Amino acid sequence: MKYEDNYRELESSYYMPAFSRDMMLVKGSGCTVTDAEGRSYLDFVAGIAVCSTGHCHPKVVKAIQEQAAELIHCSNLYYVPHQGTLAKRLVEYSGLKKAFFSNSGAEANEAAIKLARVRTGKKEFIACEDGFHGRTMASLACTHKPAIREPFLPLNPRCTFVPYGDADVIRKAITKDTAAVMVEPVQGEAGVIIPPKGYLREVREICDEKDVLLILDEVQTGIGRTGRWFAYQHEKIQPDIVSLAKGIASGFPMGAIIARDGLEFSKSEHGSTFAGGPVACAAALATLDVINEVLPSVAHKSEQMKKALSAHEIRITGLMAGMTIGDSCPAVQQACRENGVLVNCAAHGNLRLVPPLVISAEEIDRGCGVIHAAIESIC
């Protein structure tokens, strides 16, 4: 498809300046993307952990094309093709009971917050410092970052923020009005911050002890990113509600929540015009098929990446890695780009690496070689 040659001018004139960007990606295949000037890059961003099956995986493309030729939209006034099948697979993978679909991770977290409030009758939440749960109003209320939060105060629901990785502070923060604790198994936007082993298990025990719900935000960690279908499975626990999005449909807009037995929306308590549409569900089912094939290889690929970047105190779980670079992070990001590798600076000078799960051993070596050289030359 032809893109506009004057895309920079068009954006400057007609699009709200909410993003900082200076390149257009126009084509993708596997772990490689191509920009508007025809230059190719090895992609260690993957749409921020979205394109887990790589770009334009043939099975996903085929599923989208075939469904789009049959029915693109019918609304949730009717049974939707593939919706029940997808819900069943997510329930089976998660060990939970029922799913509900959305269009994004923020909407998934909105649904989780609404479900917690309506089923508990309580109004307040606990979340973590440096946590990120979305930019819609309720998800933003549980997102800590002051720069994106403060312009929209006051926010609802009321949320108390506690340090990440310390379960005991959660116990102390819980009150009689606490509906749920909302936490990421790994903090992605903060720069891939991995909590101490056993943290999630202890939080689960505290929530049980205090009779509050545990919402795990797996928008970034879910659907195989950490080497399991869900990051909480490493700790052998289950949340009351888990939220998903990024890796679920290979870039087709989609999110979901899955909840335990006894937690579900009744008729008219929640809804969405586009959520869980035929094409989205077809894309998600094909994505799950591909990830099911590559999931056993993620642990080995993770070890390969860890060894390749071990000189830089890498934090890594599955194919989700972070390194603290500090103020030099933007320069490292630019140097990597100039040498054909896309990486991303997250918060606090942390370099974030979330390549497609289908990445090859050769691509890991090539990409990590560029990243290592950039850090060595700049830092």
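Is C207 buried or exposed? Before selecting this residue, note that the structure on the screen is a predicted model.

**First stop: C207.** Select C207 and display its side chain. C207 is buried, for its relative accessible area is 1%. Next, add C128 to the selection, as it holds the cysteine sulfur closest to that of C207. The two sulfur atoms lie 11 Å apart, which is too far for a bond.

**Second stop: C281.** Select C281 together with C74. C281 takes part in no disulfide. The cysteine sulfur nearest to that of C281 belongs to C74, at a distance of 9.4 Å. C281 counts as buried, because its relative accessibility is 0% and the cut-off for burial is under 20%.

**Third stop: C329 and C345.** A general point is helpful here. A disulfide is a covalent bond joining the sulfur atoms of two cysteines. The structure holds 1 disulfide. To see it, select C329 and C345, whose sulfur atoms are 2.3 Å apart and form the disulfide. This pair connects distant parts of the chain, with the two positions 16 residues apart in numbering. C329 belongs to helix α12, which covers residues 329-338, while C345 belongs to strand β14, which covers residues 344-345.

Now turn the view so that the S-S bond can be examined. The angle about this bond is -110 degrees, and the link of C329 and C345 is left-handed.

**Last stop: the surroundings of the pair.** How buried or exposed are C329 and C345? C329 counts as buried, at 1% relative accessibility. C345 is partly exposed, with a relative accessible area of 24%.

Conventions:
Residues are numbered from 1 along each chain as its sequence is written. This is a predicted model: local features need pLDDT of at least 70, side-chain atom pairs count only at pLDDT 80 or more; totals for chains, interfaces and linings use all residues. Side-chain values use heavy atoms; hydrogens and water are left out. A disulfide is a pair of cysteine sulfur atoms within 2.5 Å. Helices (H or I, at least four residues) and strands (E, at least two) are DSSP runs, numbered from the N terminus. Buried means under 20% relative accessible area, exposed over 50%, partly exposed in between (1.4 Å probe, protein chains only).
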